[in-house]
Amino acid sequence: MKPSILGHERILKLLPSLSSQSLLFTGPEGVGRRAVARWYAYGLNCAHGFPGCGQCPSCRLEEPTDYLEIAPEAETKTGRKARNLQIRLEQIAPREDGGENLLDWLSTYPRFRAKVAVIDGAHLLNEPAANALLKVLEEPPAYARLILVAPSREMVLPTLASRSLELAFGPLPEETLHGLTRDPEVLAYAEGSVGRVRWALDNPALFNQLAGRAQGVLQSLGKGPAQTLEALGPLLETEGGLSYLARKLGQSLPPEDPRRAEALLSLHQAQEALSAYVSEDLVLNWLGLRLWAAAQGRETLSGH
Ligand SMILES: [Zn+2]
């Protein structure tokens, strides 16, 4: 079955002609990097070449053949929770008590022509795993294609990035998403991510809840810091919740209003802190105060 791809025409045109065995797909979450990797895998193994015909034995498979996705895991073997998500050595190279891993998987021939391995979260490889992967990238089997997926090139170890050809995925333009929805709220939440549009359309109740909560934060700003804090909590727990709030906030105040810039800056800093694994409670408390103060046109003591 061929996955249908929205947008990214330039990349789809380019991919079939590339001979590089190691690619780096960069871009924001949900824009379709994994979908394109699967499309690529179908095309490589299609009896008739690109794009996958949908008819031959390989294309008829529900999942692309000889296709492996490796993603970061949070749990350690001992059951102790790892502090950060990581791709660990046993996912890349065989270990005594390990399970499926990239090296073993690559050591057998493909059923048709190619094997495609996706390292989803290449910026989250721990050091031993990155070193093991580097050896694969230096001398991959002729039938292998490796696709590293990461938010940006800068976040990937230079030794890995320098051996890979980068294809940058941008957010999808709104017109492209219009095929799925024209709901302005969903489009504001999506920010060019087809993954978010699909989530919102598949989970209308959850999405309405999210929209209601963002509205709740905006209303709380006129009340008090405790109300802001309370309204903010659930938004932090939803993927994309804070950037959706930023959009709503941006729309609710005129561009020249100094409170707007201050509030948007706070939201941006909170997102950065969360992606650096600063404790959610800490970020929540800080952001609640900052947002409320920004809305009053004041600066907090810790602000500058
Ligand atoms: Zn085919």
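This report describes the nonpolar cores and the largest pocket of a predicted model.

## Basis

In this predicted model, local features need pLDDT of at least 70 and side-chain atom pairs count only at pLDDT 80 or more, whereas totals for chains, interfaces and linings use all residues. Residues are numbered from 1 along each chain as its sequence is written, and side-chain values use heavy atoms, with hydrogens and water left out.

## Nonpolar cores

The largest nonpolar core (buried Ala, Val, Leu, Ile, Met, Phe, Trp, Tyr and Cys residues joined through side-chain atoms within 4.5 Å, buried being under 20% relative accessible area with a 1.4 Å probe, protein chains only) has 36 residues. Helices, which are DSSP runs of H or I of at least four residues, numbered from the N terminus, contribute to this core, and H8 (184–190), H9 (194–202), H10 (204–220), H11 (225–236), H12 (241–252), H13 (258–275) and H14 (280–296) each give two or more residues. A second, separate core of 28 residues includes Ala-93, Trp-105, Ala-117 and Ala-122.

Leu-249 is among the residues with the most contacts inside the largest core; leaving aside residues up to four places away in sequence, Leu-249 touches Leu-218, Ala-263, Leu-264, Leu-267 and Leu-291, where contact means heavy atoms within 4.5 Å.

## Largest pocket

The largest pocket (on a 1 Å grid over the protein atoms alone, an open set of points where a 1.4 Å probe fits, with protein on both sides within 12 Å along at least five of seven lines; lining residues have an atom within 4 Å of a point) is lined by 37 residues, of which Glu-29, Glu-239, Gln-271, Leu-274 and Ser-275 lie nearest its centre. Its lining divides into 16 nonpolar, 11 polar and 10 charged residues, and H13 supplies the largest share, four residues.

Terms used. Buried < 20%, exposed > 50% of the residue type's maximum accessible area, 1.4 Å probe, protein only. Nonpolar A, V, L, I, M, F, W, Y, C, P; charged D, E, K, R; others polar.
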